[in-house]
Amino acid sequence: MQTVTLNNGVQMPILGLGVLRTNAEETTNAVKTALENGYRLIDTAAGYMNEKAVGAGIKASGVPREEIFLTTKLFVSDTGYERTMAAFERTLRLLDTDYLDLWLIHEPYGDIFGSWRAMTELYHQGKIRAIGVANFHNDRLLDLIMNGTDVVPAVNQYEAHPFYQNEDILQFDREQGVQFEAWSPLASGMKNIFGNSVLQTIADAHQATISQVVLRWLTQREMVVIPKTTHLARMQENLASLTFNLTSDEMKQIQTLDENQTIYTNHRDPAYVKALSGSALTFEE
């Protein structure tokens with residue numbers, strides 16, 4: 001598996017499995033199947049409500065824990081120093097592990113500075129191999145870097161696909177030494193991505209699928225991707241995206257598809273901030 005090197009020297013697989021909106025049984029089976037077939041990066045979150053199922057899938061796979069790069073995320077209601085420390089212990093218990101490879105602040109809301117202090121302590125204690133953020137626009141990322149702790153976030157996980165490419169965020173992250181990780185790299189199948197003529201022409205030229213072309217377009221620029229699937233054939237298809245290269249002209253053709261607009265929720269929309277900040281999940285136990 002190809003890897004990227006984070007700003008603290010940790011090696012992170014460039015392609016992994018995401019488990020957003022999968023129930024417990026699906027999650028356990030998907031994680032187990034993915035690990036048995038060569039995946040080594042698994043991405044979940046407290047807010048997905050399936051950390052326990054992820055842990056069960058890891059155990060069922062028989063793959064040694066040290067070979068797996070396990071990522072999860074801190075929910076908004078758990079921000080703040082004390083709540084973050086408690087959330088960490090809950091997450092370890094649910095995942096049935098004694099350390100995390102990567103822990104992210106899921107959204108740039110709440111007491112992120114208190115959370116970052118707690119995460120930094122856990123990082124320095126060796127309980128987390130790398131810490132980072134998700135959905136942080138350039139201003140929020142720089143604020144945390146300048147006014148947080150001595151640790152610069154290792155990763156910023158952000159929406160990125162052909163229709164919302166976020167090149168400005170990618171370049172800013174790189175300038176700060178932060179690894180960009182693309183969530184929803186296949187746009188959840190929206191906007192007729194699998195019927196797009198530009199992508200299909202490129203796929204035909206490589207005897208590949210549109211999914212493979214899109215994933216390769218991202219990973220060829222050293223962006224980590226975490227496509228979600230519960231099907232073995234799709235897992236294998238996604239892994240095979242690493243076996244060919246796109247030409248510079250093909251990369252430019254895909255760049256023309258950018259509409260510079262999210263297909264989900266705008267994470268900078270005050271209404272979204274208010275709604276998410278006011279939500280309180282009843283977490284797994």
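**Asking how we know**

Me: Arg129 counts as partly exposed. What makes it so?
Reply: This is a predicted model, by the way. The relative accessibility of Arg129 is 33%. Partly exposed is the band between 20% and 50%, so Arg129 counts as partly exposed at 33%.

Me: And Asp101, is that buried or exposed?
Reply: Asp101 has a relative accessible area of 1%. Buried means under 20%, so Asp101 is buried.

Me: How do you know that Asp101 and Arg129 form a salt bridge?
Reply: Check the N to O distance, which is 2.9 Å for their side chains. The cut-off is 4 Å, between a side-chain nitrogen of Lys or Arg and a carboxyl oxygen of Asp or Glu, so Asp101 and Arg129 pass and meet in a salt bridge.

Me: What does the Asp101 and Arg129 pair tie together?
Reply: Asp101 sits in the loop between helix 3 (81-95) and strand 6 (102-105), and Arg129 in the loop between helix 4 (112-124) and strand 7 (131-134). The pair therefore ties together parts that are 28 residues apart in sequence. Asp101 and Arg129 are also linked with Arg65 in a network of salt bridges.

Me: Why do such side chains pair at all?
Reply: Side chains of opposite charge can pair when their charged atoms come close.

Me: How many salt bridges does that rule give?
Reply: The count comes to eleven.

Me: What makes Lys32 and Glu36 a salt bridge?
Reply: Their closest N and O atoms are 2.7 Å apart. That is within 4 Å, so the pair qualifies. Lys32 and Glu36 are four residues apart in helix 1 (residues 24-36), so about one helical turn separates them. Lys32 has a relative accessible area of 29% and Glu36 one of 43%, and partly exposed fits each of them because those values fall between 20% and 50%.

Me: How do you know that Arg140 and Asp143 meet in a salt bridge?
Reply: Again it's the N to O distance, here 2.8 Å, and the limit is 4 Å. Arg140 and Asp143 both lie in helix 5 (residues 138-147), three residues apart, or about one turn of the helix. Arg140 is partly exposed at 24%, and Asp143 is partly exposed at 23%.

Me: Which residues have the most contacts inside the largest nonpolar core?
Reply: Leu6, Met12, Leu17 and Trp103, in a core of 87 residues. Apart from that core lies another of seven residues, including Phe75 and Tyr109. As for Trp103, its contacts beyond four places away in sequence include Phe88, Met119, Ile131 and Gly132.

Me: What makes strand 6 and strand 7 a pair?
Reply: Three bridges join strand 6 to strand 7. Pairing takes at least two bridges, so these strands pair, and they run parallel. One of the partnerships is Ile105 with Val133 in strand 7. The chain gets from strand 6 to strand 7 through helix 4, in a right-handed β-α-β crossover.

Me: How many bridges pair strand 7 with strand 8?
Reply: Two, in the parallel sense, with strand 8 covering residues 155-159. That meets the minimum of two. Ala134 has Gln157 as its bridge partner in strand 8. Here the chain crosses through helix 5, and this β-α-β crossover is right-handed.

Me: Which way do the residues of strand 7 point?
Reply: Ile131 and Val133 point one way, Gly132 and Ala134 the other way, and all are buried.

Conventions
Residues numbered from 1 in each chain as written. Predicted model: local features only at pLDDT ≥ 70, side-chain atom pairs only at ≥ 80, totals over all residues. Heavy atoms only, no water. Buried < 20%, exposed > 50% of the residue type's maximum accessible area, 1.4 Å probe, protein only. Core = buried A, V, L, I, M, F, W, Y, C linked by side-chain atoms within 4.5 Å. Contact = heavy atoms within 4.5 Å. Right-handed = clockwise from strand over helix to strand, strands pointing away.
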